[in-house]
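Take a look at the sequence and the model below. The report that follows walks through selected local features, one region at a time.

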Amino acid sequence: MKAQLAKLGLFDARVPRYTSYPTAPHFGGGVDSTLFARWISRIPRGAEISLYVHVPFCRRLCWFCACRTQGTQTDRPVAAYVDTLKSELRMLAQHLPHGVRLSRLHWGGGTPTLLQPAMIEDLAQAIKQVAPFTGHTEFSVEIDPNEIDAPRLDALAAAGMNRASVGVQDFNEDIQRSIGRLQGYDVTRWAVDEIRARGVASLNADILYGLPHQSKARITESVQKLLSLNPDRVALYGYAHVPWMAKRQQMIPSDALPRPDERLDLFETARKLFVWDNYDEIGIDHFATKDDRLSFAARNGSLRRNFQGYTDDTSEVLVGLGASSISKFPQGYAQNAPATSAYTKAIRAHGFATVRGHGFSPQDRLRARMIEMLMCDFRIEIAELVRDYGASEPDVRAMLNRASAQFENLLEVDATGLFVPPEARPLTRMVARSFDAYELSSAGHSSAI
Ligand SMILES: C[S@@+](CC[C@H](N)C(=O)[O-])C[C@H]1O[C@@H](n2cnc3c(N)ncnc32)[C@H](O)[C@@H]1O
Ligand code: SF4
C-alpha cells in the first residue's frame with residue numbers, strides 16, 4: 001500500500017488542509033470594507049452567528065509554530081489591541097441587524113490567555129453587548145498551559161468559557177527542546193485539571209506528528225501520557241515545516257525530521273492508540289470520545305469544516321475579528337489586514353480592516369461542498385449536490401469518475417457517489433485537491449501527510 005501511495009505522489013505533494021474553499025492564498029482584492037459591511041447588514045434579523053477573535057501575541061515564540069503571532073513581554077500592546085478590538089466591535093454593532101446572537105465564540109491566536117483578567121472581562125463584556133449569548137452558546141479558548149494561571153481561568157470561566165483547547169505538541173523533552181517549546185507534563189496536567197475544575201464541558205488537546213527526533217516509541221509514550229489526561233477531543237496535526245515562511249523554524253534541524261513515509265507511520269501509530277482507547281476518528285486528523293458532540297456530528301452527517309478545523313457549528317456566518325481574521329458569509333470570504341499595525345491603523349481610521357477575500361460563484365459553492373464532504377465524511381453524495389446546489393448529475397458523475405481514474409481505482413464510485421475507503425484515507429487531501437479549480441501554488445501548503 002505504501003508503495004502505491006508513494007507512486008500516487010503522497011509523499012511529494014504539498015496540499016492545502018482545506019479549512020476553506022477556495023483556500024486563503026487564492027483570495028483577491030475584490031472584497032473590501034464596504035462589501036464586508038454590506039454582507040454584515042444582510043445577516044437575517046435574529047440569526048445566530050459565530051465569532052472568532054484573534055489575539056496575535058505570545059510571551060514565548062516557539063520555533064515550530066507557523067501561526068501568525070508576535071512576541072511581547074509587556075501588557076501595553078495587548079491592552080491597546082483589546083481597545084482596537086472593542087472599536088471593531090462597536091462598528092460591527094452599527095451594521096449588524098437587530099437581535100443577532102452568538103452560536104459560537106472562539107478566542108484563538110497566538111495566545112489569548114496572555115490577556116489579564118480585567119482585559120478578559122472587558123472584551124467578553126464588549127462582545128456580549130454586540131451579540132449576546134443564547135442558553136447554548138459555546139465559548140472556546142485556546143489555552144497555552146505555560147501561559148495561564150488561576151485568576152485568568154477564573155475570569156474566562158466567569159465570562160462563560162465552556163470549551164477549551166490546550167497546546168501540547170509532544171511530551172518528550174528532547175523533542176520539546178528541538179522545537180523550542182519546553183512544557184513539562186505537570187504544567188499541562190495542572191492546566192487540564194484547573195480547566196475541568198471550572199466546569200468546562202469539552203477539552204481539546206493539540207499534538208503533532210512529524211517532529212524532529214520523533215520515533216514510534218516516542219509518539220506512543222506521548223499519546224499514552226495524553227490519554228492519561230482524558231481529553232474529550234484530540235487534534236493530531238502533521239508538523240508543517242515551512243522555514244521559508246515561518247523564519248523561526250530555521251532553528252529546527254531539518255536533518256532530524258522524519259521522512260514522509262516515516263511521518264505516515266507516526267500518524268498510524270498515534271491513530272491506532274486513540275482508536276484502541278475507544279475514541280472515534282473525526283475526519284482526517286481529529287479524535288473524539290463517543291459522547292462528544294463532534295462524534296455525534298460525524299455519525300449523523302452534520303460535521304462541518306471551518307477555519308478552526310472540524311466543527312458541529314452549522315451557522316451560516318462566521319465573523320472574524322482582529323488582525324488576519326477571516327469571515328465567512330453566504331456570499332463569500334473577507335479577510336482583515338494580516339499585520340497588526342495595518343489592522344490597527346484601519347480600525348482607528350473608523351473603517352473595517354478588510355483587505356481581501358473572495359465572492360462565491362455557484363461553481364465555488366458546489367466544489368466547496370464536495371471538498372467539505374470529502375474532508376468530513378470521506379464520501380461525496382451526488383443526490384445532495386443535485387438537490388441543494390443545482391448541480392447536473394452527469395457533470396458530477398464525470399468529475400467523480402475522473403478523480404477515481406486519477407487515483408488508480410483506490411476510490412470507490414457507485415450510483416450514489418464517491419467513497420474514500422480507510423486504506424486510501426491518507427490521500428484524502430489530494431483527492432480534495434483534484435476538485436479544486438484554482439491553481440495551487442506550492443508555497444504555504446503543508447505536505448499531504
Ligand atoms: C496557534 S496555536 C495556539 C495555541 C497556544 N498558543 C499554545 O501554544 O498552546 C494552535 C496550534 O497550532 C498548531 N501548529 C502551530 N504551528 C504548527 C505547525 N508548524 N505545524 C502544524 N501545526 C502547528 C499547534 O498544534 C498549536 O497548538
Ligand atoms: S505555539 Fe502557541 S505560544 Fe507557541 S508561538 Fe505558536 S501561538 Fe505562540
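## A small sheet and its helices

Glutamate 381 has glycine 417 of S19 as its bridge partner. This is a predicted model. The bridge belongs to a wider pairing: strand S19 (residues 417-419) and S17 are joined by 3 bridges and run antiparallel.

S17 and S19 are part of an open sheet of 3 strands. The order is S17-S19-S18, and the pairing is antiparallel. Strand S17 (379-381) and strand S18 (412-414) are the edge strands. Each of these two pairs on one side only. On average, neighbouring strands of this sheet are turned by 15° against each other, with direction ignored. As a rule, strands of a sheet pair through backbone hydrogen bonds, either parallel or antiparallel.

Which strands does H12 touch as it packs on the sheet? H12 touches S17 and S19, and the direction of H12 makes about 135° with that of S17. Helix H13 (residues 382-389) also packs on the sheet and touches S17 and S19. The direction of H13 makes about 50° with that of S17.

## The second largest pocket

H12 also takes part in a pocket lining. The second largest pocket has a volume of about 740 Å³. It is lined by 28 residues. Closest to its centre are Arg304, Ser315, Lys328, Glu372 and Tyr389.

Helix H12 (362-377) and strand S11 (304-306) each supply at least two residues of this lining. H12 gives the largest share, 6 residues. By type, the lining divides into 12 nonpolar, 7 polar and 9 charged residues.

## Around ligand 2

Which residues surround ligand 2? They are Cys58, Arg60, Leu61, Cys62, Phe64, Cys65, Gly110, Thr111, Asp144, Arg181 and Arg248. This shell divides into 5 nonpolar, 2 polar and 4 charged residues.

Gly110 of this shell also sits at a cis peptide bond, which joins glycine 109 and glycine 110. Glycine 110 lies in the loop between strand S4 (101-109) and helix H4 (117-130).

## Backbone features in loops

A second cis peptide bond runs from tyrosine 21 to proline 22. Proline 22 is in the loop between helix H1 (2-7) and helix H2 (33-41). The table gives omega for both cis bonds.

| Cis peptide bond | Omega |
|---|---|
| tyrosine 21 to proline 22 | near -5° |
| glycine 109 to glycine 110 | about 20° |

Another loop holds a backbone feature of its own. Where is histidine 213 found? This residue is in the loop between strand S7 (202-209) and helix H8 (216-227). Phi of histidine 213 is near 65°. That is a positive value in a residue other than glycine.

Technical notes: Residues numbered from 1 in each chain as written. Chains lettered and ligands numbered in written order. Predicted model: local features only at pLDDT ≥ 70, side-chain atom pairs only at ≥ 80, totals over all residues. Heavy atoms only, no water. 1 Å grid on protein atoms, 1.4 Å probe; cavity = no way out; pocket = protein on both sides within 12 Å on 5 of 7 lines; lining within 4 Å. Points joined across faces, edges and corners; volume = space filled by probe spheres on them. Helix = DSSP H or I, 4+ residues; strand = E, 2+ residues; numbered from the N terminus. Nonpolar A, V, L, I, M, F, W, Y, C, P; charged D, E, K, R; others polar. Near = heavy atom within 4 Å. Pairing = 2+ DSSP bridges. Axes fitted to C-alpha atoms, helices over the stretch in contact; angles between N-to-C directions. Contact = heavy atoms within 4.5 Å.
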